[in-house]
Each structure stands twice: as C-alpha cells, then as structure tokens.
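Below are some comments on the model, set out as numbered points for discussion.

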Amino acid sequence: MIIALLNQKGGVGKTTLATHIAGELALRGKTVILLDADPQGSALDWTQRRAQRGLPRLFGAVGLARETLHQEAPQLAQRADHVIIDGPPRIAALARSALMAADRVLIPVQPSPFDLWASAEMVSLLQEAQVFKPALRAAFAINRRVSTTIIGREVRQALADQPLPALHAEVRQRIVFADSAAGGQLACELAPDSAASREVSCLVDELLGWET
Ligand SMILES: Nc1ncnc2c1ncn2[C@@H]1O[C@H](COP(=O)(O)OP(=O)(O)O)[C@@H](O)[C@H]1O
Ligand SMILES: [Mg+2]
C-alpha cells in the first residue's frame with residue numbers, strides 16, 4: 001500500500017504527518033519505507049537528525065524527488081508493508097507522479113478558508129488522476145486545528161462542500177510536533193502519553209480501516 005501526503009501548499013503538515021504515520025506503522029511492527037518526494041528533503045533531514053542522535057532507526061528513507069518516481073515506487077512497495085510518500089510543495093509534475101504511484105492520498109489542510117482555497121489545485125490534480133485510476137482513494141486530513149477557534153469548527157462545514165471526504169481523525173496545533181521534529185523524534189517518543197501521540201494513533205487507525 002502506497003500512501004501519499006500531498007498538497008501544493010507548503011507548511012500544511014505533509015512532512016510532519018508523513019514521518020508520524022511512517023513511525024506509527026513501524027512501531028506497530030510494519031516494515032515501512034518513507035519516500036521523500038520533496039527536493040528540499042526535509043523528511044530525509046529528519047531521519048538524519050535521528051541517526052546523528054543515535055536514536056533507533058524506525059524505517060527506511062529514500063529521496064526520490066523526480067518525475068519518474070511512479071516508475072520506481074512499485075519496486076519499493078514490494079519490499080515493505082507500507083510506502084509513505086512525503087510530497088513536494090508547488091511542483092505539479094512531481095505531485096502528478098506521486099499521484100500515479102499512490103493507492104491512497106491524504107491532503108493535509110489547516111483549518112482556514114484560505115488553506116482550503118489553496119488546496120483547490122491539489123483537488124483538481126487528484127481528480128485528473130482518478131480518471132485514470134478510479135481506485136485511487138483520497139481524503140483531507142485536518143492538521144494544526146486550534147481547538148478554541150470558530151474557524152476550527154467551520155472548517156468541517158467548508159470541507160463538506162468539497163468533492164473529497166475528510167478523515168474524522170484530526171491533529172491539533174501542538175508544540176510537541178514542532179519540538180519533536182527538531183530532534184528527529186516522533187511526538188510519541190518525546191511525549192509518550194500525550195494528546196499528540198493519541199491523535200497520530202487515531203489517524204493511523206482510520207487510515208488502516210480505510211484500506212479494506
Ligand atoms: N499539528 C501541528 N502542531 C504544531 N506544529 C505543527 C503541526 N504540524 C506541523 N507543524 C509545524 O509546521 C511547520 C510546517 O510543517 P511541515 O510538516 O513541514 O509542512 P509541509 O511538509 O506541508 O511543508 C513545521 O515547523 C512543523 O513542525
Ligand atoms: Mg514538507
């Protein structure tokens with residue numbers, strides 16, 4: 001199963017969710033390969049920070065920010081239970097290639113109308129891909145929700161008008177995500193019983209349920 005985290009907009013949480021989903025699956029005993037499709041290589045940087053600090057290796061990581069990635073991904077998928085693609089910002093050709101490789105797509109969005117508008121381009125790329133791949137399933141994943149804001153509640157209504165579903169699981173704005181990233185860690189390693197760690201676990205449960 002190849003799961004891609006995609007959104008043309010930067011800073012929405014593609015890398016954060018990709019590393020956490022990969023890490024959570026690995027901690028559950030799955031073999032996972034994280035495919036970094038962003039030329040900036042931030043997911044690879046994360047694994048390097050981890051290695052430099054002597055933390056255990058959770059999953060393999062490969063940098064593959066090229067338009068032939070859909071030709072190479074299936075070979076990786078044969079060697080792992082899950083391949084998680086951390087998508088690039090902006091570059092439509094790379095996003096298309098990731099869409100061609102993927103079985104499942106998650107589009108992280110921050111709860112603001114502006115972010116939903118910015119995701120429109122991603123939604124049209126996705127719909128384009130679904131013409132050729134009707135089995136390609138996709139959903140929004142709400143990230144960085146600030147619990148007290150009205151906008152956080154309204155985002156569900158705004159998402160209801162979109163042509164894609166949204167996962168029930170949400171990840172809130174939590175400092176532990178930024179702190180753990182800086183040290184090449186997962187939120188559940190830095191703060192084992194935290195709300196952040198439970199949110200990741202729920203998101204992965206929903207993703208796995210989705211596969212059947
Ligand atoms: N749920 C969250 N809570 C707090 N900070 C977050 C959260 N998700 C992402 N971030 C922070 O936001 C920034 C952008 O996230 P990132 O995953 O790099 O986005 P992208 O890969 O889409 O560009 C990073 O500094 C990251 O640590
Ligand atoms: Mg990123």
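Which elements each supply at least two residues of the lining of the largest cavity?

1. In this predicted model, α1, α9 (187–190) and α10 (195–210) each supply at least two residues of that lining, where helices are DSSP runs of H or I with at least four residues, strands are runs of E with at least two, and both are numbered from the N terminus. Local features need pLDDT of at least 70 and side-chain atom pairs count only at pLDDT 80 or more, whereas totals for chains, interfaces and linings use all residues. Residues are numbered from 1 along each chain as its sequence is written, and side-chain values use heavy atoms, with hydrogens and water left out.

2. The largest cavity, a set of points on a 1 Å grid over the protein atoms alone where a 1.4 Å probe fits but cannot get out, holds about 40 Å³ of space. Its lining, meaning residues with an atom within 4 Å of a point, consists of His20, Glu24, Leu186, Ala187, Cys188, Ser197 and Val200.

3. By the ring rule (centres within 6.5 Å, and planes under 30 degrees apart for stacked), the count comes to 1 aromatic pair. Trp46 and Phe59 form this stacked pair, at 5.8 Å centre to centre and with 10 degrees between the planes. The pair links distant parts of the chain, with Trp46 in helix α2 (residues 42–52) and Phe59 in the loop between α2 and β3 (60–63), 13 residues apart.

4. Trp46 is buried (under 20% relative accessible area, 1.4 Å probe, protein chains only), because its relative accessible area is 3%, and Phe59 likewise counts as buried at 6%.

Methods:
Chains lettered and ligands numbered in written order. Phe/Tyr/Trp six-rings, centres within 6.5 Å; stacked < 30°, edge-to-face > 60°. Buried < 20%, exposed > 50% of the residue type's maximum accessible area, 1.4 Å probe, protein only. 1 Å grid on protein atoms, 1.4 Å probe; cavity = no way out; pocket = protein on both sides within 12 Å on 5 of 7 lines; lining within 4 Å. Points joined across faces, edges and corners; volume = space filled by probe spheres on them.
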